[in-house]
Amino acid sequence: MIVLLKLLGWLLAKAPIFPVQSLARLLGKLAYLFLAGRRRILHSNLHHAFPDRPKSWHQKMARESCARTMEMGLLVLALPYLSIKQLSR
């Protein structure tokens, strides 16, 4: 299992940015669709923090939050394999 995680991290570090961002968005969409508890909490928090915003805005921000969370998770896997030059970009 550790070997697979290391391989995935290495692949993510060596891949171009666009496919990795697309993967993060896909994983975020899947998390938004299938993790009902997380979705409910996201909508509740957004509703309490921004009551004047429409429901469509809350949904958009919830989906964006899920995508960003997945992006950070993928970064954690790739971080040991990124060069200083890649990190500075």
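A polar contact, as the term is used in these legends, is a pair of N or O atoms within 3.5 Å, of which, within protein, one must be able to donate a hydrogen and the other to accept it. All views show a predicted model.

**View 1. The side chain of His58 and the backbone of Leu46.** His58, which is placed in helix α4, directs its side chain to the backbone oxygen of Leu46 at 3.5 Å. The relative accessible area of His58 is 5%, so this residue counts as buried. When neighbours within four places in sequence are left aside, His58 is in contact with His43, Leu46, His47, Phe50 and Arg53.

**View 2. The surroundings of His43 in helix α3.** His43 belongs to helix α3, which covers residues 36-49, and with a relative accessible area of 18% it is buried, because the limit for that class is under 20%. Not counting residues up to four places away in sequence, His43 touches Tyr32, His58, Gln59 and Ala62.

**View 3. The largest nonpolar core.** Six residues, namely Leu12, Ala13, Val20, Ala24, Leu74 and Ala78, form the largest nonpolar core, to which α1 (2-14), α2 (17-34) and α4 (55-78) each contribute at least two residues. Within this view, Val20 touches Leu12, Ala15 and Leu74, again with residues up to four places away in sequence not counted.

**View 4. Another core, apart from the largest one.** Separate from the largest nonpolar core lies another core of 5 residues, including Tyr32, Leu42, Leu46 and Ala62. Two of these names recur around His43, which touches both Tyr32 and Ala62, while Leu46 is the residue whose backbone oxygen is reached by the side chain of His58.

Methods
Residues are numbered from 1 along each chain as its sequence is written. This is a predicted model: local features need pLDDT of at least 70, side-chain atom pairs count only at pLDDT 80 or more; totals for chains, interfaces and linings use all residues. Side-chain values use heavy atoms; hydrogens and water are left out. A nonpolar core is a set of buried Ala, Val, Leu, Ile, Met, Phe, Trp, Tyr and Cys residues joined through side-chain atoms within 4.5 Å. Buried means under 20% relative accessible area, exposed over 50%, partly exposed in between (1.4 Å probe, protein chains only). Helices (H or I, at least four residues) and strands (E, at least two) are DSSP runs, numbered from the N terminus. Contact means heavy atoms within 4.5 Å.
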